[in-house]
Amino acid sequence: MGISAPTPIQEKTIPQFLAGHDLIGQARTGSGKTLAFAVPLAERCDPSDRRVQALVLVPTRELAIQVAGVVDSLASPQGLRVTLLYGGRSFRPESTALKRGAQIIIGTPGRTLDHLRQGTLDLRGVRVMVLDEADEMLDMGFARDVEAILSRTPASRQTVLFSATMPGWVAKTAAKHLRNPVTVQVDANVNAPPTVEHLIYSIKRHDKLGALRTLLDDRKDAPVIVFGRTKHGVKKLAKQLAALGYPAGALQGNLSQRARERMMAEFRSGTTPVLVATNVAARGLDIQGIEQVINYDLPDSDKLFTHRVGRTGRMGSSGEAVTFVTPDEEKKWREIVRGLGRRFIRKPWKGGQANAQGPDQSPRQPQRTSRRRGMPRHRPEFSAPNASAISS
């Protein structure tokens, strides 16, 4: 793959994984966690055994597709079959693939559990279980499904957790599923990639669209992700931008699976370089060259803020994260800042002007200054030809 040296998370976890230890791995977004478990999976599975030997659970369909691509690139040359299980598409092709035999399964919890209940998936031969984005997989939304799946696997399995954020409760919850786990924390005190520059703006709600247009006018054709809060809001904003001539599309949970895959393909290819998305795009997605992430609406937690920002500044490249804070979001922003444990310089936005004020002060009336239009842009360079495969 043209990769000559492992990243820190790969260097520290791959030997532990290969040795058969249960493992908890935490490293910031873009640090190479996908390859950290894909390599050992390809090594540990036996192509002569047609049973399912490894199961990787991920929270979203888009991430499942991405992870499967990385795992398959390593597993196929070893004669191993990888099967992808996720909702929003026909059940039958997946069942057919499982009947043919697959050693490695990449799936979302809901669809994986559906196959178990239908009898089309047998996990009694599983040697290794991986929870990617473990903090979300063990959270209330997925925990019940994940535990139901775990109960169908052998007690002797090896269990591995990877995530960019690892709150204390994750380790406590994981304790009942892991046996004497080795914990590897490469950057436990880092909440966002150090190569990301943060620009935080106090802004009136009715000024947000105009401010977004100013930012998009300055993007110089680089891909941008604009995060909104709700499915309806994301769809509406994407339509507004498209009507104004911007190459924008929406990614949100109400889209059919085919539409979601088409939208991601258009974004990756550069056909639609402005992606307006809900948090479905915040987890794990790796797309080369995203120079800017815009939090048009604030996320609900510091954890989601970290994951959103992690779509840029990956694998040591530079990136920029712009966050809008409206007066009604002041309380939520304070909670996010408190959870992150860091301070940000905040500036008021007024007609494209940005005037500095102190860290997280309340907005004050800006003095008149000259209008600032462009912002510095630095196209990221990657050290490996296939960096997208190692930077999830």
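In this predicted model, E133 counts as buried, with a relative accessibility of 5%. The residue lies in the loop between β5 and α6 (134-137), and its phi is near 55 degrees, a positive value in a residue other than glycine. N180, which is not a glycine either, has a positive phi of about 45 degrees, and its place is the loop between α8 (168-174) and β7. With a relative accessible area of 74%, N180 is exposed. A further loop residue, G79, is found between α3 and β3 and is partly exposed, at a relative accessible area of 47%. The table sets out these loop positions.

| Residue | Loop | Relative accessible area |
|---|---|---|
| E133 | between β5 and α6 | 5%, buried |
| N180 | between α8 and β7 | 74%, exposed |
| G79 | between α3 and β3 | 47%, partly exposed |

For G79, the contacts that remain once neighbours within four places in sequence are left aside are those with P47 and Q103. The C-alpha atoms of G79 and D46 are separated by 8.7 Å, although the two residues are 33 apart along the chain.

**Overall content**

The protein contains 13 helices and 15 strands, and buried residues make up 57% of its 392 residues. Among the contacts between residues at least 6 apart in sequence, 75% join residues that are at least 24 apart.

**The seven-stranded sheet**

Seven strands form an open sheet with parallel pairing, in the order β3-β4-β2-β5-β6-β1-β7. The edges are held by β3 (82-85) and β7 (182-185), each of which has a single partner strand, so one side of each is left without a neighbour in the sheet. On average, and with direction ignored, neighbouring strands of this sheet are turned by 15 degrees against each other. Within the sheet, β2 (residues 54-57) and β4 (residues 104-107) pair in the parallel sense over four bridges, and A54 stands opposite I104 of β4.

**Nonpolar cores**

Which residues of the largest nonpolar core touch the most other members? They are F37, V71, I104 and I106, in a core of 33 residues. At least two residues of this core are supplied by each of α1 (8-18), α2 (33-44), β2, α3 (61-75), β3, β4, β5 (128-132) and β6 (158-163). The largest share, eight residues, comes from α3. Residues up to four places away in sequence not being counted, I106 touches V56, A64, V67, A68, V71, V82, T83, L84 and L85. A second core, separate from this one, has 27 residues, with L98, V126, L138 and V170 among them.

**Packing of α2 and α3**

Two packed helices are described by the angle between their axes and the distance between the axes. For α2 and α3 the angle is about 40 degrees and the axes are 9 Å apart, and α2 passes α3 in a right-handed crossing. On the α2 side the contact is formed by T34, L35, F37, A38, V39 and A42, which meet V67, V70, V71, L74 and A75 in α3. Sorted by class, this contact has ten nonpolar residues, one polar residue and no charged residues. F37 and V71, which take part in this contact, are also among the residues that touch the most other members of the largest nonpolar core.

**Helix α9 and strand β14**

Helix α9 (residues 208-217) has K208, A211, L212, T214, L215 and L216 as buried residues. An α-helix has 3.6 residues a turn, so residues three or four places apart point the same way. The buried residues of α9 pack against β9 (224-227), α10 (231-243), β11 (274-277), β12 (292-295), β13 (319-325) and β14 (346-350).

Of the five residues of β14, four are buried, so this strand is largely enclosed by the rest of the structure. Strand β8 (residues 196-202) runs parallel to β14 and is joined to it by three bridges, and P348 in β14 is the bridge partner of S202.

Note on methods:
Residues are numbered from 1 along each chain as its sequence is written. This is a predicted model: local features need pLDDT of at least 70, side-chain atom pairs count only at pLDDT 80 or more; totals for chains, interfaces and linings use all residues. Side-chain values use heavy atoms; hydrogens and water are left out. Two strands pair if DSSP finds at least two bridges between them. Axes are lines fitted to C-alpha atoms, for helices over the stretch in contact, and angles run from 0 to 180 degrees between N-to-C directions. A nonpolar core is a set of buried Ala, Val, Leu, Ile, Met, Phe, Trp, Tyr and Cys residues joined through side-chain atoms within 4.5 Å. Buried means under 20% relative accessible area, exposed over 50%, partly exposed in between (1.4 Å probe, protein chains only). Contact means heavy atoms within 4.5 Å. A crossing is left-handed if the near helix is turned anticlockwise from the far one by less than a right angle, and right-handed if clockwise. Ala, Val, Leu, Ile, Met, Phe, Trp, Tyr, Cys and Pro count as nonpolar, Asp, Glu, Lys and Arg as charged, and the others, Gly among them, as polar.
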